[in-house]
Amino acid sequence: MDFKKLVLETRSVRRFQQEPAPGREQLEAWVDLARRTPSATNRQPLRYLVVAGAEDCARLFPSLHWAGALKDWPGPAEGERPTGYVLLLRDSRLSKTREHDEGIAAYALQLAARADGYGSCMLGAIERDRIRAEFSLPEWCEIILVLAFGIQGETIVLEDAGTGVASPSYYRDADSVHHVPKRTLKDVLID
Ligand SMILES: Cc1cc2nc3c(=O)[nH]c(=O)nc-3n(C[C@H](O)[C@H](O)[C@H](O)COP(=O)(O)O)c2cc1C
């Protein structure tokens with residue numbers, strides 16, 4: 001896929017078709033790319049937990065919080081939920097501080113999924129203690145983000161945000177189309 005198209009189409013997807021679900025092998029293939037992204041001093045403290053299959057996906061879902069800006073939407077309903085996940089973790093024995101590695105790896109996972117025809121969403125609003133208990137994660141495993149995956153089941157439109165808007169929020173229109181305003185090139189370039 002053309003790189004520009006890949007970046008523009010890699011949006012945060014929150015409503016998914018249920019078939020085909022990315023299997024464990026597919027999810028691990030995306031991790032196999034993410035593990036080779038840049039890492040500060042090449043320390044590579046990130047670890048990944050693949051969550052595949054309907055049963056395990058259902059165990060994770062209650063710990064996730066969706067689209068804080070859509071106040072009247074409780075998150076994806078049954079039948080439109082993600083069909084696979086990757087938990088982005090850090091081995092706190094190797095690195096105690098938040099580094100840039102996490103964002104790089106998370107976005108690589110999103111791009112890899114999109115290139116293979118899958119949508120995704122990064123989730124930081126997650127119940128970490130609950131996830132740790134549910135998946136028996138050891139204490140040294142810090143839970144950074146959850147990446148949710150599945151075939152995109154919603155229409156998403158990128159648009160220019162108005163100049164001077166403090167925080168351009170995403171929204172849904174009357175047809176349930178999801179709009180994502182981004183600051184214009186003029187507004188992000190410093191003269
Ligand atoms: C670090 C990070 C954490 C995020 N956490 C959540 C989250 O907990 N729940 C959610 O629905 N979206 C989450 N998002 C998705 C953002 O809301 C999304 O990136 C933003 O609305 C812009 O949309 P776009 O990704 O399509 O450009 C997160 C994104 C990032 C980068």
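These are my notebook entries on a predicted model of a protein chain with a ligand.

**Entry 1: domains**

I began with the division of the chain, which runs as domain 1 over residues 3-154 and domain 2 over residues 155-191. I looked up the distance between their C-alpha centres and found 24 Å. Where the two meet, six residues of domain 1 are in contact with eight residues of domain 2. On the side of domain 1 that touches domain 2, I noted four nonpolar residues, no polar ones and two charged ones.

**Entry 2: the ligand**

Next I listed what surrounds the ligand and came to 13 residues, of which the closest are R11, S12, L123, G124 and A125. Sorted by class, this shell has eight nonpolar, three polar and two charged residues. I then asked which element gives the most to the shell, and the reply was strand β4, residues 119-123, with three residues.

**Entry 3: helix α2**

I turned to helix α2, residues 24-34, and wrote down L27, W30, V31 and A34 as its buried residues. Seen down the axis of α2, these buried residues fall within an arc of 100°, so they line one face of the helix. The face turned away from that buried side carries E25 and D32, which are exposed. I also checked what the buried residues of α2 pack against, and the partners are the strands β2 (46-52), β3 (84-91) and β5 (141-152), together with helix α4 (101-115).

**Entry 4: the largest nonpolar core**

The largest nonpolar core has 32 residues, and those that touch the most other members are W30, Y85, V86, L87, L88, L109 and L147. At least two residues of this core come from each of α2, β2, β3, α4, β4 and β5. I followed V86 further, leaving aside its neighbours within four places in sequence, and found V86 in contact with L27, W30, V31, Y48, V50, L109 and L147.

**Entry 5: L49**

I wanted to know whether L49, in strand β2, should be called buried, partly exposed or exposed. L49 has 19 other C-beta atoms within 10 Å, while a buried residue needs 20 or more, and L49 is therefore partly exposed. Beyond its neighbours within four places in sequence, L49 is in contact with L87, L89 and F135. I also took the distance to L109, which is 60 residues away along the chain, and the C-alpha atoms of the two are separated by 13 Å.

**Entry 6: backbone exceptions**

Before going through the backbone, I reminded myself that most residues other than glycine have a negative phi, and that most peptide bonds are trans. The peptide bond from E19 to P20 is cis, with omega near -10°, and P20 lies in the loop between β1 (16-17) and α2.

Two residues that are not glycine came up with a positive phi, T41 at about 50° and S176 at about 70°. T41 sits in the loop between α2 and β2, and with 8 other C-beta atoms within 10 Å, T41 is exposed. S176 has its place in the loop between β7 (171-172) and β8 (178-182), and with 10 C-beta neighbours inside 10 Å, S176 also counts as exposed.

How values were computed:
Residues numbered from 1 in each chain as written. Predicted model: local features only at pLDDT ≥ 70, side-chain atom pairs only at ≥ 80, totals over all residues. Near = placed C-beta within 6 Å. Helix = DSSP H or I, 4+ residues; strand = E, 2+ residues; numbered from the N terminus. Nonpolar A, V, L, I, M, F, W, Y, C, P; charged D, E, K, R; others polar. Buried ≥ 20, exposed ≤ 12 C-beta atoms within 10 Å, placed from the backbone. Arc of directions from axis to C-beta. Contact = placed C-beta atoms within 7 Å. Core = buried A, V, L, I, M, F, W, Y, C linked by C-beta atoms within 7 Å. Domains from an automatic or database assignment.
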